[in-house]
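Take a look at the fold below. We will walk from one backbone detail outward to the whole chain.

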Amino acid sequence: MKIWWIFAFVVMLSFGLRGTSHSQAKGQPLSNTQTIARSIRLVERGKFDDAQQILSARIEREKVAGEKIKLQNALADVHFFWGQQLTQEHDFEGAILHYRQAYTTDQTLRRLEAGHELGYIGSLYDQMSRYEEALRYYNLALHSYREVKDPRGQAIMLGNIGAMYGRLSRYKDALTYYNLALPVRRQLKDRSGEALTFNDIGLVYGRLNRYKEALRYYNLALPLYRQAKDRYGEAIALNNIGGAYAHLDRNAEALRYYNLALPIRRQVKDRSGEAATLNNIGLTYSDLNRYEEALRYYNLALPLRREVRDRPGEAVTLNNIGFAYDGLNRYEDALRYYNLALSIKREVHDRPGEATTLNNIMWVYKAQKRPQIAILFGKQGVNVLQSIRRDNVGLDMVSKQASLEGTKRLYERLAALLIQIGRLPEAEQVSRMLKQSETFDFVRRDSAQAGTTETLSLSPLEQQYVNRYNQLGSEVATVGERIAVLERVPEGGRTREQKAALDKLYDDREAIDGRFEVFRRELVAAFGTVTPDLNTVDVAASDAWQKALDKVSVGTGKRTALLTTVVAPDAFYVILTTPTTRLRFSTPIKSDDLNALVSRFRTSLTNPRLDPQNDAMALWKVVFCNGELETALRAANVQVALWSLGGSLRYVPIDALHDGEGYLIVRPRLNAVVTTTSKDYFEAPIGGQSLAVGTSHAFDVNLKDGSGTVETLSFNALTQVPEEIRGIIHDEADGGTGPLDGRILLEADFNAAQLQSQLRHGFRTVHVATHFRLRPGDAQRSFLLLGDGKPLLVFDWKVKMPLRNVELLTLSACETGLGGDAPQAGASVPSSGAEVGSLGEVAQLQGASAVIVSLWSVADSSTSLLMRDFYATWNQNPTAGKGEALRGTQRALLGVTGTIPGDEVRGMKLRGEYKSRPSFIPDPQHPFAHPFYWAPFTLIGNWR
């Protein structure tokens with residue numbers, strides 16, 4: 001994976017002189033005013049220590065409080081300018097010491113000056129890549145500026161705080177502070193500052209892989225920079241626009257904007273920016289597989305980045321050089337540059353970049369047919385990503401989803417590699433972690449849940465080499481940090497001691513590089529073959545699943561197995577886990593081709609005028625690995641198959657696949673979908689009261705997004721809902737005649753307050769018949785439509801829809817398992833398929849044992865019939881379980897006689913005909929035989 005480096009900067013503070021000069025009368029004892037004047041002259045000559053001594057001596061003798069304050073202020077000024085001098089000499093630690101001494105006085109007497117000193121301290125920590133400390137001082141400076149009502153200082157600090165959160169990968173916080181800075185910049189009529197803030201917001205969206213939004217903000221910045229005649233900023237905006245176009249695969253436009261930025265950067269002598277643009281031009285050529293040209297531009301960028309001491313940028317270019325060599329199959333050269341990049345990334349605490357480079361190293365070792373070493377580096381990369389997610393608890397859901405899309409291939413590739421060499425428990429763990437991340441990225445987690453973020457298990461041998469690798473990396477980072485500090489001192493201004501120290505550090509770094517080469521040779525020798533140690537990694541969560549399968553198999557008398565699917569770039573994999581064994585199966589197919597097949601199948605499923613049988617058979621061959629998986633399931637006598645689905649397969653029901661003889665729904669084996677937490681709910685149901693809620697009314701819902709834009713969503717009437725609900729619940733007060741005892745909340749009674757109050761009574765079954773709107777990755781804009789016309793956000797379920805001890809939550813609504821960009825007829829399927837698993841796991845995390853969701857817009861009439869029959873069947877034979885009741889109802893629906901329903905659906909209207917596709921020939925005696933009617937609902941979780 002290449003890294004796009006979009007140039008950004010933190011606004012450095014710049015303030016004028018803090019004192020005025022005074023004259024001294026000769027031959028007379030110095031007054032306080034004259035002492036201060038003398039100290040100023042000493043400062044101007046660089047004699048800071050002398051200035052400090054005369055002021056300190058005068059302060060000790062002074063008895064008048066007001067006069068002492070003047071002298072203390074003057075001493076604070078000496079320390080301030082001393083700090084500035086040391087900053088120019090790149091002695092940052094010494095500068096910080098003097099800024100702190102100035103602050104000691106100013107924090108009480110001069111809050112504005114105190115803000116300046118805190119800001120400078122923060123900027124120095126920023127330059128030293130000590131971002132947490134920089135953040136603390138920027139926040140202190142912001143407080144000071146707010147106290148003295150200095151808007152310019154506030155704007156600068158708000159921007160700097162946003163930049164620090166961005167460097168720490170805390171993107172939600174970064175956006176919060178940038179949006180606080182914007183109105184202050186506008187109040188000041190600071191066009192360059194406003195442009196800078198727009199640019200920085202764009203950078204955050206770029207880090208989240210949301211490039212269309214990034215482009216919008218860069219295009220807001222560009223005219224403001226030009227209006228302010230800020231050529232430096234104009235080049236930044238042009239460069240970043242080019243980067244956004246490159247990420248959107250619009251390479252010609254990317255090169256055009258880079259070539260507009262490059263001469264401006266050279267004109268304003270922006271060496272760092274010039275390096276960034278050269279790097280980005282190289283990236284574009286790399287994207288076009290023109291690696292030799294890419295290397296030419298990278299090798300122009302690298303010395304510039306070293307010249308300006310841009311360590312993060314140097315790491316990016318080193319990584320990209322490694323990628324180009326990888327593309328040329330020069331693997332040893334690639335590894336050399338990747339390892340150079342990795343040590344700097346650790347030095348500057350670039351965790352996303354570290355994960356990217358670890359992924360790249362994994363891919364090189366795989367290409368060299370050294371899978372055990374590849375896995376070792378891939379595991380480290382995944383664990384870095386897991387730590388980033390743990391630290392991004394509050395990030396908004398859309399951003400988390402987009403961020404996930406940019407990194408999930410590392411999980412998929414690692415899982416595929418583990419499967420290929422038979423390390424199946426670890427592959428299950430990687431797949432499970434990806435699915436957990438999708439869920440936790442969908443809903444906001446609190447601090448307690450954040451601690452549940454899993455990390456990959458390591459064997460003792462892997463742990464040994466990871467420890468050695470980390471130790472070497474730590475030594476490289478430490479030496480690199482010390483070298484960076486000394487290199488900031490201009491060569492002509494270095495003392496003899498500094499020169500000697502720098503020479504020794506260069507020798508130390510070379511020695512560590514030598515030890516690194518020894519380590520690499522030992523690593524290759526140790527991991528060259530599969531060893532017993534590597535196949536006995538303790539994966540506690542995978543063991544827990546096997547124990548749960550054994551327990552439920554014994555408890556039900558039905559052999560139960562877990563099927564974990566992995567969609568890798570070039571193959572589809574299934575891990576079959578029984579209580580005693582694990583087996584692997586695969587189908588060679590590119591992920592894009594699989595997604596296209598799923599999309600085609602969904603088109604035929606969601607249009608009852610199309611015949612889905614051919615598509616159902618084609619997908620069965622992929623999922624069941626040309627029948628090999630089916631043979632293994634029969635040999636193991638598996639009667640209950642629990643599917644942990646990955647990728648776009650979560651958009652289709654397993655029972656709608658066709659094995660050449662019939663749909664799987666008519667086969668005796670039960671198929672259910674599980675989430676990563678389902679094993680906690682495999683106990684037999686207890687039973688109890690039921691609650692059914694819904695609305696039949698049409699509503700328009702106005703939904704406001706984070707920017708204040710209002711979206712109006714129209715929902716049609718669902719005329720069958722009252723009959724459906726009353727056919728499920730026995731509630732004489734509301735006319736309910738169904739088989740389940742409980743309570744009905746219909747129309748206006750179905751509101752947030754009533755729902756929350758009723759659920760606290762401990763209902764075991766909750767049935768919801770209404771509209772549902774799910775936006776991918778955004779629980780703050782995904783909602784159930786309540787009977788009073790108001791939305792109940794998924795984000796609020798934890799409080800307003802408590803599900804603890806609920807045995808079944810049924811969402812009898814349109815597309816409750818799909819997002820707002822769910823695949824439509826003729827459209828491509830989003831590759832993640834995360835929404836089904838996420839929504840099911842959201843409910844299970846809140847305590848629901850099982851959830852029924854829909855995978856497309858369902859017909860109102862057939863849904864009402866299916867739901868009433870399902871509950872009646874389940875009530876008549878509860879020991880058979882929810883899963884069997886649902887499947888039995890679906891099978892029965894195939895043979896129901898009656899009138900073919902019209903186009904009334906819970907969601908969008910039925911889609912038109914596709915003349916190029918085989919047509920489904922309806923049977924008036926079996927109007928619901930098409931899977932459109934019987935297959936949309938999927939059971940997630942406990943099927944018992």
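Which residue takes a positive phi just after α27? That residue is C625, with a phi of about 50°. Keep in mind that this is a predicted model.

Step back into the helix itself. Helix α27 covers residues 613-623. Its buried residues are D615, A616, L619, W620, V622 and V623. Look down the axis of α27: these buried residues fall within an arc of 160°, so they line one face of the helix. What do they pack against? Three strands and two helices take part, namely β2 (572-577), β3 (582-587), β4 (640-644), α26 (591-605) and α28 (628-635).

Now move toward the N terminus, to helix α2. This helix runs over residues 48-61 and has 14 residues. At 1.5 Å a residue it should span 20 Å, and its end C-alpha atoms are indeed 20 Å apart, so the expected and modelled lengths agree. The buried residues here are F48, A51, L55, R58 and I59. Note that the list includes an arginine, R58. Viewed down the axis of α2, the buried residues fall within an arc of 105°, so they line one face of this helix too. Turned away from that buried side, the opposite face carries the exposed residues E60 and R61. Cover for the buried residues of α2 comes from elements including α1 (32-44) and α3 (65-88).

Next, the interior. The largest nonpolar core has 162 residues. Which of them have the most contacts inside it? They are I361, F377, L414 and L523. Take L414 as a sample. Leaving aside neighbours within four places in sequence, L414 is in contact with M362, I375, G378, K379, V382, V430 and L456. Apart from this core lies another, of 109 residues. Its members include W545, L642, F870 and F932.

Finally, zoom out to the protein chain. Its secondary structure comes to 35 helices and 20 strands. Of its 944 residues, 59% are buried. How much of the contact network links residues that are 24 or more positions apart? Among contacts with a separation of 6 or more, such pairs account for 70%. The accessible surface comes to about 36900 Å². Carbon and sulfur atoms hold 50% of that area.

Note on methods. Residues numbered from 1 in each chain as written. Predicted model: local features only at pLDDT ≥ 70, side-chain atom pairs only at ≥ 80, totals over all residues. Heavy atoms only, no water. Core = buried A, V, L, I, M, F, W, Y, C linked by side-chain atoms within 4.5 Å. Buried < 20%, exposed > 50% of the residue type's maximum accessible area, 1.4 Å probe, protein only. Contact = heavy atoms within 4.5 Å. Helix = DSSP H or I, 4+ residues; strand = E, 2+ residues; numbered from the N terminus. Expected span 1.5 Å × (residues − 1). Arc of directions from axis to C-beta. Areas by Shrake-Rupley, 256 points an atom, 1.4 Å probe, with all protein chains shown as cover.
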